[in-house]
Structures are given as C-alpha cells and as structure tokens.
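Please look through the sequence and the model together before reading on. The paragraphs below go from single contacts to the chain as a whole.

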Amino acid sequence: MDALCRAEPRPRGPAAASPLPWARFSAWLDCVCVVTFDLELGQAMELVYPYDFRLTEKEKTSICYLSFPDSYSGGLGDTQFSFRLRQSGGQRTAHFEDDGEYNREAPLTLQREAAHYFGYVYFRQVKDSSMKRGYFQKSLVLVSRLPYVNLFQSLLQLIAPEYFDKLEPCLEAVCNEIDQWPPPAPGQTLNLPVMGVVIQVRIPSRVDKPGSSPVKQFNQENLLPAPLVLPSIHELDLFRCFQPVLIHIQMLWELMLLGEPIVVMAPSPTVSSEMVLALTSCLAPLRYCCDYRPYFTIHDSEFKEYTTRTQAPPNIVVGVTNPFFIKTLQHWPHILRVGELRMSGDLPKQVKVKKLAKLKTLDTKPGIYTSYKTFLHKDKTLIKRLLKGIQRKRPSEVQSALLRRHLLELTQSFIIPLEHYIASLMPLQRAITPWKNPPQIRPFRQEDFMKTLEHAGPQLTCVLKGDWLGLYRRFFKSPNFDGWYRQRHKEMTQKLEALHLEAICEANIVAWMKDKSEVEIVDLVLKLREKLVRARCQHLPVKEETLQRVGLYIETIIGSLPEDLQAVLHHH
C-alpha cells in the first residue's frame, strides 16, 4: 500500500502517454476535491485534482459548504453522504470525449448528467490537540456526473482513510489508477483495480429487464486477491431508508410520481441524502424528471429561490438538516421529518401523517406534514409481508428486494396503459412510402387515453383500488409526464426516420428517376444526404448496410446527371 502511495505523478501535457491526459479518469469522475476547515475562512478548498480541472468560484463555494455537515454535530468519527449541485458557468468540455454513446445505452435513470454534478463525500471529524480548534475536520469529495452512489461511496471507504493518513501523494496514485480503468460501458462487468483491491461491478444497460437482479456470480477470472463484488452500482438499501415510513410508501410514491415539492428534514446529511435518493429511485424504470438535492444548506445559491413565499415552491425534493429550515420552508406543501435510521429487530415506530399547521419551529416530531389525500388505497399485503420478514429476521437486502419489486410493479401498472396508447399513435408501416416525407405521429389526446382505461387500465395488472383516473389527470400536469412524453416522442420520431430510410433502400430508384426533371433529382440528392447525416449524428436505429446502400444510391443518382451538375454536387 505504501508503495502505491508513493507513485510518481503522471506527466502532463504533450509528454503524457495518452492522447488525452485524464480521458479515462474523466469517464468516471470530473475531479476529486479536498475541503478543510480554516479558522479564518471557515470551509476552504484545499485541493482540486487533476490540477488543471476548472471549477468556477461559485461551484467551489457550493462544494465547500455541501461537503461539511450544516448544523452543529458533536459526533466524532467518519460520515458519508451525497449532494447534487447545479453546474454554473455554462457547458464545459471535459477531458472525456463522450459522443453520447453511454447515455444511449444506459437506463434513463442512470444517464450522465448534463447540467449537474454529484458530490460523494467522506467527512472526518476527530479530536486533534495539534489543531487550534482542537479538531481535525476534513472532507474528501468525488465529483462526478454519474449517479453511481454505491460505487463511489465504496471507493471512498477504501481511499479516504488512507488519504487522511498519507495525504496528497496517495491521492495522485489513486487518480492515476482510476485513469487506467476501462470506461463505464452499459451491459458489461468490469474489474476496477484500486489500492491493491479489485472492485467488480456490472454497469446496467437499457436492454436489461426491469427488476431483474444483477448476476450474483460474476466471472471471477481467478482474480487474486478475490474481488470486492458490488451487487449494484447505484441501488440503496430501500428497506433501511424507508423504515420509519413503510406504512406511507403508497403516499410517497404518488407524491414522487406527481413531482410534488417535498422537504426531507433529517438529523444528518447521511440520512437526508439517503432518503432523497431512495425517494427519487422509487419510480424506476420511469425517470424522475424534477430537480432534487440530496443535501442542501442555507449557503446554497438557490436558497432564496426555494424559500421565497412570493411564488409556489418548485418541483423539487430537497434534503436538509439545519433546524432553521423548519421556519423558512414551512409554506411547502409536504414536509417529511425523520429521525436517525436504526436497524433493529422490530418495525421502527412509524411516523404519522400530520397537518402542516402542527409544524412547530422547534422540537418538530418525526412525521409527514401534509394535507395530501392519496388517490390509491394502501397495500396492506405489502406491509404484512414486510412485518413477517422482520419477525423472521429476514435479511435487509431481501426486504429491500420485496419493496423494490412492489414499487416496480406499481410503476409498471401505471405506465403500461400509457405505453400502449402512445404506441397506437405511430403511423402504420404501410403508410411510409419512399418518395414522401414520413407521416406525422398523431397527437396525444388525454381524453382519448382516458377512454382506453376502461378495458386496458392498471386494474389488469394491479390489485390496488382507488381513483386511478384522478391520478392520471394530476400526472398529466407534472414534469414527469412531460419528460416521459418527450422521450417517447423522440424515440418514435427516430424510428419513423429509420423506417423511411429502409423504404428508400427497397425502392426502385432508376424507375423513379425516368420522368423526373434535373431540379427534382438534385432536390432528392440533397434530401438523401441530409437524411444520411442525421442518421449518423442521431445514431438512428438503422443497420450500417442500409446507410451504405443509401450512400450508393446517392452516387448512382449523381452519376446519371450532366457532368457540370455532378461537379457541383460532388463539391457541395
């Protein structure tokens, strides 16, 4: 380990072996930060690595505040938590050149973020008489656009204690190792060596069957030492996170589905960030399209935006720990107050649903403070199964799997009728002809969709009774519907484009050209070229041979024209 921590730093610039220094590192992380407590400045950025990674001053300030517990915490020792912050200063080019391939193949819930950073924090607070304050307080932060909470928190458990012991050379060595990792390719199982340990992970893919558990036994390849196998790169222990609110899981699922503004008030950043991430994950495979902040402080640049009473709270789930927020956010419609998460042999005390008026500035008891009435009835069988699991001392991961399966089936029951209806809006394949623009996708009419529910609604796959129609009507007004519809419409438009290209390939182009003027033929060449460029840029679902045949068609058509026109088109 010591030898590792004395590794030479990587040569930078033209001397570096890789054509793009830090390209592989950047496929996983944007940078690593060290935040320390300075007596005069408060939280201060001690180090950003790689050294040439540029964070704006606003981002640095935000990272500093988000990397330390916000409210006074007398607790000594190590804590881990996560945050998410809005990027400032516009789009930046990373060392990593991603053509969008990862996002095309990864599940929608694991996309690389375009406008936000995730911060994964390992904070240490221990007594130290050599410090003026009497304490050593420091955070090691991994900054990434990937929502791999399990992987990065596991990585921190390996590297942070060693870093606090041996400092900067150790961090350089670790970053150099990460710069040797293969990129995160969806569908692949990867071995990631770091500090004498091999972390083995499978990167989920969009084609995975929802709810299928990751392969338990990976290919061990006779690795010595045996690898540290992570069953999931991103899934939290849902059962542990939701323990105090299990009987209200239905209500929380509905609030998330509808994109309602929710405040999670917790005793620590760990509980706050885990609860927010658990909530945002409970709609999978549907993507949660609203904003969320696993941990938020009064120093955040969006603080004024969220606490103003002159406009309605935004569609966001925000996790806070400072008691000051009870006062500043008491106008929000849904406030979830939770205590410390403790795993015990019994079902923890379940929080009660209370009126918002009962929210007291000090000593607010755990509870869900809301006037929301659920559209669907509670699933009592789920609660009974989980209770039975507690009595039988069933492992937490099994309880979590039960809970995740229940939420998945609930989401699928809700979304399948929408998927069936939107698929019916696609033009018939026989309506796609080679020489006309492809027909339009028919518009989504909410009332037409509602009529389909009588025969093909959620009641076919879900036993829960309640006002499903009312839930759909509310859902249509939420950012989650807008995000789902845009994604589906984009995929269908691309499918139409692909089918149109295939129709062109199967057509008799020579017969079509017989009675056409030069103007019409030139127009066709330009249109086909444009289609070909779009197909390659947007990575349309078209076979490579189809694209090559369209290219040959273009050459055939140009070859039939007079030489002067041929020269113009080739030059064009």
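A polar contact is a pair of N or O atoms within 3.5 Å, where, within protein, one must be able to donate a hydrogen and the other to accept it. With that cut-off in mind, and remembering that this is a predicted model, we can begin at glutamine 487, which is found in helix H16, the helix spanning residues 479-506. The side chain of glutamine 487 is joined to the side chain of glutamate 491 by a polar contact of 2.7 Å. If neighbours within four places in sequence are left aside, glutamine 487 is in contact with Leu108 and Arg206.

A second polar contact can be found in a loop. Serine 232 sits between strand S8 (228-229) and helix H7 (238-242), and a polar atom of the side chain of serine 232 lies 2.8 Å from the backbone nitrogen of glutamate 235. Is serine 232 buried or exposed? Its relative accessible area is 12%, so serine 232 counts as buried. In space, serine 232 and isoleucine 203 are 8.3 Å apart, C-alpha to C-alpha, although 29 residues separate them in sequence.

Lysine 436 also has its place in a loop, here the one between helix H13 (396-423) and helix H14 (446-456). With a relative accessible area of 60%, lysine 436 is exposed. Its C-alpha lies 9.0 Å from that of histidine 500, a residue 64 positions away in sequence.

The cysteines deserve a separate look. A disulfide is a covalent bond between the sulfur atoms of two cysteines, and a search of the whole structure finds zero of them. Why is there no bond at cysteine 31? The closest cysteine sulfur, that of cysteine 33, is 3.9 Å from the sulfur of cysteine 31, which is too far for a bond, because a disulfide is counted here when the two sulfur atoms are within 2.5 Å. For cysteine 175 the closest cysteine sulfur belongs to cysteine 31, and at 9.4 Å this too is too far for a bond. Both residues are shielded by the definition used for burial: cysteine 31 is buried, with a relative accessible area of 0%, and cysteine 175 is buried, with a relative accessible area of 1%.

Next comes the space enclosed by the protein. How many cavities of 30 Å³ or more does a search of the whole structure find? The search finds one, and the volume of the largest cavity is about 50 Å³. The lining of the largest cavity is made up of Leu246, Ile247, His248, Ile249, Gln250, Lys378, Asp379, Lys380, Leu382, Ile383 and His406. Two or more of the lining residues come from each of helix H8 (249-257) and helix H12 (380-391), and H12 gives the most, with three residues. By character, the lining of the largest cavity divides into five nonpolar, three polar and three charged residues.

Finally, these places can be set within the chain as a whole. The chain has 20 helices and 14 strands, and of its 572 residues 50% count as buried. Among the contacts in the chain with a separation of 6 or more, 74% are between residues 24 or more positions apart.

Terms used
Residues are numbered from 1 along each chain as its sequence is written. This is a predicted model: local features need pLDDT of at least 70, side-chain atom pairs count only at pLDDT 80 or more; totals for chains, interfaces and linings use all residues. Side-chain values use heavy atoms; hydrogens and water are left out. Buried means under 20% relative accessible area, exposed over 50%, partly exposed in between (1.4 Å probe, protein chains only). On a 1 Å grid over the protein atoms alone, a cavity is a set of points where a 1.4 Å probe fits but cannot get out, and a pocket is an open set with protein on both sides within 12 Å along at least five of seven lines; lining residues have an atom within 4 Å of a point. Grid points are joined across faces, edges and corners, and a volume is the space filled by probe spheres set on the points. Helices (H or I, at least four residues) and strands (E, at least two) are DSSP runs, numbered from the N terminus. Ala, Val, Leu, Ile, Met, Phe, Trp, Tyr, Cys and Pro count as nonpolar, Asp, Glu, Lys and Arg as charged, and the others, Gly among them, as polar. Contact means heavy atoms within 4.5 Å.
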